[in-house]
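Please open the model in your viewer and keep the sequence beside it, so that each stop on this tour can be selected as it is named.

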Amino acid sequence: MAPHGEGSDASVEAMVAQVEKHPISSILIIIAMQTEALPVVNKFQLIENPHSSFPKGVPWIHYHGAYKDIIINLVWPGKDLTFGVDSVGTISASLVTYASIQALQPDLIINAGTAGGFKEKGAAIGDVFLVSHVAFHDRRIPIPVFDLYGVGLRQTYSTPNLLKALNLKTGKLSTGDSLDMSPHDEASIAANDATVKDMEGAAVAYVAELLKVPAIFVKAVTDIVDGEKPTAEEFLQNLAAVTATLEEVVTQVIDFIGGKCLPEL
C-alpha cells in the first residue's frame, strides 16, 4: 500500500474506500500545546516514543498507546528550540501534520485544542465545538481566485452521528497566526462566519486534505474574543479548567469511534 500522498489518484481512492469498509484502527491526535496534550496523554496512559521517525533534532513529541482496539498516536510540536515555548501556529502545525501522516498512516486525524469563542455567535467559556468548516483569516491576497485560495475554506469530515450522540455544539473555525485580533482579522473572521478562532486548525485541514486523510476538529473555548476581558489574560485564567473539559470530550469522541467505520461517524 502506498503511503498517504503517494501513488496515483486511483490508488489513493482505493485506499480510502478500503479504510471506510473497516473499523477505524488508528487515530492521530494533533495538539499544539503541552498543557492541552498532557491530560489526554495521562487519560489514555500513552507513552512517549523516544525513537520516533521524525527528523533528527526537531522538538516534536510523539506519544502512543492502545485503547479499545484503537492505536492512538498523539503528537504535539514540542517546545521551540530557541525560545522554549510551545511551538504554536500554522507553520508548526503543518509540518507536524505532514510528518505524522507520513510516519504513522492514521485512519483519522483529531485536531484537539483550545480556541477563542465569539459570544455573538453563542460561544461561552468551556463550550466544546465539533467544527463544521475551517478557513484562514490572515492570508489576505486581493487578487481574483488567489483571494479564495488565501481564505482556504474547507468542510471538515462530516460526523453527524458523533455530533448527535455527544450533543456537542457545532460552528465554523477561523485560523490565524496571532492570538489577538486586528481590525483586518476581525473583518475576515466575520466574513468566515466563524464561531471559534484558533492558530492551527485550517493548517491541519490543508495538509490532511492534501494527503487524503479525514480530519475532525474538537475545540474548547478558553476566552471570549468579543468580550470585555483581555484575550491573553482570559486565556491563561481558564486554560487549566478548559483543557480538563477538552480531555473529557476527546475521550467521549474516541469511545464513540471505537468499533465504527468512517461512514458510521
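For this tour, a residue is called buried when its relative accessible area is under 20%, exposed when that area is over 50%, and partly exposed in between. The model you are looking at is a predicted one.

**First stop: a buried salt bridge**

Select Lys219 and Asp198, whose side chains form a salt bridge in which the closest N and O atoms are 2.9 Å apart. Lys219 belongs to strand β10 (residues 215–224) and Asp198 to strand β9, so this pair ties together parts of the chain that are 21 residues apart in sequence. Is Lys219 buried or exposed? Its relative accessibility is 1%, and because that falls under 20%, Lys219 counts as buried. Asp198, with a relative accessibility of 3%, counts as buried too.

**Second stop: other salt bridges**

The structure holds 8 salt bridges, and two others are worth selecting here. Show Asp255 with Lys68, where the closest N and O atoms are 3.1 Å apart. This pair links distant parts of the chain, since Asp255 sits in helix α8 while Lys68 sits in the loop between β3 (61–67) and β4 (70–76), 187 residues apart. Asp255 is partly exposed, at 32% relative accessibility, whereas Lys68 is exposed, at 53%.

Now select Lys172 and Asp193, whose side chains meet in a salt bridge with an N to O distance of 3.8 Å. Lys172 is in strand β8 (residues 169–175), and Asp193 is in the loop between α6 (183–191) and β9 (194–198), so that the pair links distant parts of the chain, 21 residues apart. Lys172 counts as partly exposed at 27% relative accessibility, and Asp193 counts as partly exposed at 35%. Add Lys121 to the selection, and you will have a network of salt bridges that links Lys121, Lys172 and Asp193.

**Third stop: the nonpolar cores**

In soluble globular proteins, nonpolar side chains tend to be buried together. Which residues have the most contacts inside the largest nonpolar core of this model? Select Ile29, Leu74, Ile110, Val253, Ile254 and Ile257, which hold that place in a core of 36 residues. Helix α8 (residues 231–257) gives the most to this core, contributing 8 residues. To see the surroundings of one core residue, centre the view on Val253, which touches Ile110, Leu162, Leu166, Ile216 and Val218, when residues up to four places away in sequence are not counted. Apart from this core lies another, of 30 residues, which includes Ile101, Ala115, Phe136 and Val204.

**Fourth stop: two helix pairs**

Keep helix α8 on display and add helix α2 (residues 34–43), so that you can follow how their axes come within 9 Å and cross at roughly 45°. The two helices are therefore oblique to each other, and α2 passes α8 in a right-handed crossing. On the α2 side the contact is made by Thr35, Glu36, Pro39, Val40 and Lys43, and on the α8 side by Leu239, Thr243, Leu246, Glu247, Val250 and Thr251.

Next, display helix α3 (residues 90–104) with helix α7 (residues 201–210), whose axes come within 8 Å and cross at roughly 30°. These helices are therefore roughly parallel to each other, and the crossing in which α3 passes α7 is right-handed. Thr90, Ala93, Ser94, Thr97, Tyr98 and Ile101 of α3 meet Ala203, Val204, Val207 and Ala208 of α7.

**Last stop: residues in loops**

Return to the loop between β3 and β4 and select Asp69, which lies there. Its phi is near 65°, a positive value in a residue other than glycine, and at 76% relative accessibility Asp69 counts as exposed. Val145, in the loop between β6 (128–136) and α4, also has a positive phi, near 75°, and is not a glycine; its relative accessible area of 61% makes Val145 exposed.

Finally, select Leu153 in the loop between α4 (146–151) and β7 (154–155). Leu153 is exposed, with a relative accessible area of 56%, and it is in contact with His133, Val134 and Ala135, leaving aside its neighbours within four places in sequence. Between the C-alpha atoms of Leu153 and Val85, which are 68 residues apart along the chain, the separation is 29 Å.

Note on methods
Residues numbered from 1 in each chain as written. Predicted model: local features only at pLDDT ≥ 70, side-chain atom pairs only at ≥ 80, totals over all residues. Heavy atoms only, no water. Core = buried A, V, L, I, M, F, W, Y, C linked by side-chain atoms within 4.5 Å. Buried < 20%, exposed > 50% of the residue type's maximum accessible area, 1.4 Å probe, protein only. Helix = DSSP H or I, 4+ residues; strand = E, 2+ residues; numbered from the N terminus. Contact = heavy atoms within 4.5 Å. Salt bridge = Lys/Arg side-chain N within 4 Å of Asp/Glu carboxyl O. Axes fitted to C-alpha atoms, helices over the stretch in contact; angles between N-to-C directions. Parallel < 35°, antiparallel > 145°, perpendicular 65-115°, else oblique. Left-handed = near helix turned anticlockwise from the far one by under 90°.
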